[in-house]
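Student: I have a model open on my screen. Can we go through the terms used to describe it?
Tutor: Gladly; ask about each term in turn.
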Number of protein chains: 2
Amino acid sequence: MLSDGLAAVIVTLMLVPQALAYALLAGLPPEVGLYASMIPLVVYALFGTSATLAVGPVAVASLMTASALGGVAVTGSPEYVGAALILATLSGLILFAMGVLRLGFIANFLSHPVISGFVTASGILIAGSQLGHILGIQGGGHNLIEMGANLISEFGSSNLITFAIGAGTLLYLFLCRQYLKNALIGLGLAPRGADILAKAAPVSAVIVTTAAAWHFHLGGAGVNLVGQVPSGLPEIRLPSMDPSIWATLAPAAVLISLVGFVESVSVAQTLAAKRRQRIDPNSELIAMGLANIGSGVSGGSPVSGGFSRSVVNFEAGARTPLAGMFTAVGIALATLSLTGILAFLPKATLAATIMIAVSTLIDVKAIGRTFHYSKADFAAMLATIVLTLIQGVEAGILVGVGLSIGIYLYRTSRPHSAIVGRVPGTEHFRNVERHTVETDEKSVVLRVDESLYFANARYLEETVMALTSQQPKMKNLVLACQAVNAIDASALESLEAINGRLKAMDIRLHMCEVKGPVMDGLRRTHFCEELTGQVFLSTYDAWKTLCLS
Amino acid sequence: MLSDGLAAVIVTLMLVPQALAYALLAGLPPEVGLYASMIPLVVYALFGTSATLAVGPVAVASLMTASALGGVAVTGSPEYVGAALILATLSGLILFAMGVLRLGFIANFLSHPVISGFVTASGILIAGSQLGHILGIQGGGHNLIEMGANLISEFGSSNLITFAIGAGTLLYLFLCRQYLKNALIGLGLAPRGADILAKAAPVSAVIVTTAAAWHFHLGGAGVNLVGQVPSGLPEIRLPSMDPSIWATLAPAAVLISLVGFVESVSVAQTLAAKRRQRIDPNSELIAMGLANIGSGVSGGSPVSGGFSRSVVNFEAGARTPLAGMFTAVGIALATLSLTGILAFLPKATLAATIMIAVSTLIDVKAIGRTFHYSKADFAAMLATIVLTLIQGVEAGILVGVGLSIGIYLYRTSRPHSAIVGRVPGTEHFRNVERHTVETDEKSVVLRVDESLYFANARYLEETVMALTSQQPKMKNLVLACQAVNAIDASALESLEAINGRLKAMDIRLHMCEVKGPVMDGLRRTHFCEELTGQVFLSTYDAWKTLCLS
């Protein structure tokens, strides 16, 4: 409990500027970020299965929130804030329902390259969105094209003092990230402590720039400050029930839920594996769902598990969910006591904090690795990145998911198949084109490397028909089915058609290595009676019967 | 050539009433059906690969046309007819583009149960849509609910004479279908001739009811007649280029194209197989595309290959594409000479013709067969039928396709896997739960029955982790990959995670039966170096090394 308390103090110090910064990123007033860092943490501590996942506002979800809310209200208006609460509640309900219905597997359809590409592109978008704050202009936009246009048109009205604060903080944080940890270790600190301290560098930047803004009255010099934050705890209140806004926000809520869930679970699993603990995805869905509902009814925006914050929590010694509870208390104390001071915090400082934080999201190496391993995965990744950058987050992730499913379906619709022969002296059969094997021109063994289903049923018919003309002496065709994990109704009709056509050509059709569940299905039909040949247990049995006898 | 000519005469006799009837079904003036039966036939004869496919207006495409046009114009208005020409041209362009880009495989995603369910439901909808004409009322509607509501509200204004004609024709055609063929055979006709003559029964009904309508001036008694059909050949003219109508019709055009293509190719392949001929799907796409463009620019509606008409063409002796050319000439002659007479044809006769024709589309046995073989396929089929009936054709087919893809993805996302053991005395390995086999508690062989990709990567992680707790003595885990046809980037990351976690538990991970293309991919990464165990050629090799030594 003592170590949980220590972890909570450190996470609170880190979370206060982040909560303000991500509210800024989402276009929301600063208190919304603070409110999203109280109740949700308590709720997650009660229901979550990870002891160390630090829940709260995060960068990517904030970017997606801004994109979703931009479609329903003017940034900063009361309707905009109201829509944020609806979005959090809606995301929570979606996550909760998915957990209860055990639909966590849906998140698996966000493939790794798509998520990785999406996070990288989001990191670039977020960094771009903060340039305006660094320059002291409005900026904004939901994709690189809009952002670029806004920056160019407003560049003339930049504020030099703001830029000095923003660029200075950026440089300071960059140097801290690069050198502070090793410098502290050089001064004799333990590596873990040095790491945590280095990650708290933004706190020092916040203190210094806030003090400067207060002392030099920078607010009067055109520097945008955070301004008055209502002091006090959030009220519990149901969000607006306007069904048209709920319906408009629903698609965005689904995407925010799925992305947040995938990210949270992967952080939680990475940390749990280090301590041999287990995360249950469906329980996580319920916990994340309740945390988001908690955020929505207490004035907060959508939340999920933050990577760097969870790592700090873990490294600082959090062992039980109590750490999350203590953090919530810490944020509440900060909200009660610090708001007068935080009013003087320059927005440029927060923008610099965000830019440094999201620089870790941009993973260029993953792009190279994916390109090297699989061009199809790379295509889905690239499409996600490009679409996210030029169209925005929703288009990017939808196209990425659609494309990766499409690529998978396309691949399975044109299955690999190989004529196999016997590896001499064994009962093992391999591709004639890759191995030196024995074959028999009268009895051909065709291994089909895919489950047979509607999308490839016709392709199989064509493959077999082409084979009959390439192998004129063929009298027996054996379909080796070790890779056929299912045969659906469309494929069954195709097999019947193949059997009939081969019969007309005086070629018998056999099957071998048919798996149990597949054979169970075929036995329920007339196919086995109509089959001109036999069903053998193994390829070797077929070989013995057809070629050796 | 003589047999082609004879076939053409028979098909022309059959096609004239069908062309008028399907125009009626699509809500179009009768001449549109005739125009769709001229130029498209000539174009298909020039470019198609089937010698016997009879192209022209068909029932399902006409129903889909009515549904698509209902959204853009008032039935019967000049805009409605203009939109039909656009729809035909657009379908043609889509089919042509698919052929040139070799995208015929897209049609494979219309699984057999979905198509079969869709055609059955369409048959029911078409029959329902004709009830109004039989009763002499307006009727209409794009789904059973609308049709029922219209019939009930208008039932009071039914016309008795119309009903007598419609019901009489229906009964006559039904009796002809049931008994005429055998009666004719009893009278000494050859079975083939008797079959063709029985299928021409609608012609006699058309002649008798037209004569009656003319003689008794039934038009004046409130019986709806076909009315004045412009005599003369169609003009060649580009359809309207209004981009908003093109855009509105595009989704429907895609569906009409795909459904028409699937039906045409399956008819063409069935007939071609009987004469050992071959159909090239991509050439068919181009030919059907040009035929539809031909229809659209010559005043016709979308066309495709008709099943019963093609069978008659085949049975009547059509041997070359000339039969199609001759049929086009026959329709042209009919349009020039018969329109004066056809003006007296009661619409109720045409409606009865349609109802009898579409009764063959309703395939209840296929529903039972699918239910018996695969509950998943049945679910997709049932959804297609129900949605088509209560929502309309577009919703039905889209939900069916979506659901069948979804079911496939769901199934592959939770792959079957089995611990396998050695069939005693052989080199063959089978599921321990289905066969009596030898196993070794220190070395477990897990056969994964699915390609590894993003949707099931996490599931594999969970399966392996569960296995480690079930098999506490395990020191070696062998993944038998004969059914793994691909490993994508997401699954590679999962394999790396599994390898790492097993390493921490002091269990070595091996692989065997890895296919050539999959191994090629893995070799491009660091995975093989990081793998704690070995990659064996066969399961038996792994067994020999790990269990026998």
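Student: What makes residues 322-344 of chain A helix rather than strand?
Tutor: Helices are DSSP runs of H or I with at least four residues, strands are E runs of at least two, and both are numbered from the N terminus. Residues 322-344 of chain A are 87% helix and 0% strand, with end C-alpha atoms 32 Å apart. This is a predicted model, where local features need pLDDT of at least 70, side-chain atom pairs count only at pLDDT 80 or more, and totals for chains, interfaces and linings use all residues. Residues are numbered from 1 along each chain as its sequence is written, chains are lettered from A and ligands numbered from 1 in the order written, and side-chain values use heavy atoms, without hydrogens and water.

Student: Where does the name "transmembrane region" come from?
Tutor: From an unreviewed UniProt entry, which lists residues 322-344 and 380-410 of chain A among others. Such annotations may be inferred rather than shown by experiment; their positions follow the numbering used here, and feature names are shortened. Residues 380-410 are 97% helix and 0% strand, and their end C-alpha atoms lie 13 Å apart.

Student: Which residues of chain A does UniProt label "domain: STAS"?
Tutor: Residues 433-546, again from an unreviewed entry. That span is 46% helix and 16% strand.

Student: How many residues of each chain are in the contact between chain A and chain B?
Tutor: Contact means heavy atoms within 4.5 Å. Chain A gives 67 residues and chain B gives 67.

Student: How do you know what area is buried between chain A and chain B?
Tutor: Buried area is the accessible area (1.4 Å probe) that two parts lose on being put together, summed over both. Here the value is about 6,100 Å², and carbon and sulfur atoms give 55% of that. On the chain A side, Tyr373(A), Tyr408(A) and Phe454(A) lose the most area to chain B, together 14% of what that side buries.

Student: Why is the pair Arg434(A) and Asp520(B) called a salt bridge?
Tutor: The rule asks for a side-chain nitrogen of Lys or Arg within 4 Å of a carboxyl oxygen of Asp or Glu. The closest N and O atoms of Arg434(A) and Asp520(B) are 2.9 Å apart, so the pair qualifies. The interface of chain A and chain B has 4 salt bridges.

Student: What makes Arg411(A) and Glu450(A) a link between distant parts of the chain?
Tutor: Their side chains form a salt bridge at 3.6 Å, N to O. Arg411(A) is in helix α19, Glu450(A) is in the loop between β5 and α20, and the two are 39 residues apart.

Student: Why is the relation of chain A to chain B called a two-fold axis?
Tutor: Copies are superposed by least squares on C-alpha atoms of residues with pLDDT of at least 70 in both. Chain A falls on chain B with an RMSD of 0.1 Å after a turn of 180° and a shift of 0.1 Å along the axis. That is a two-fold relation. The same surface serves both copies, as 99% of the contact residues of chain A recur in chain B.
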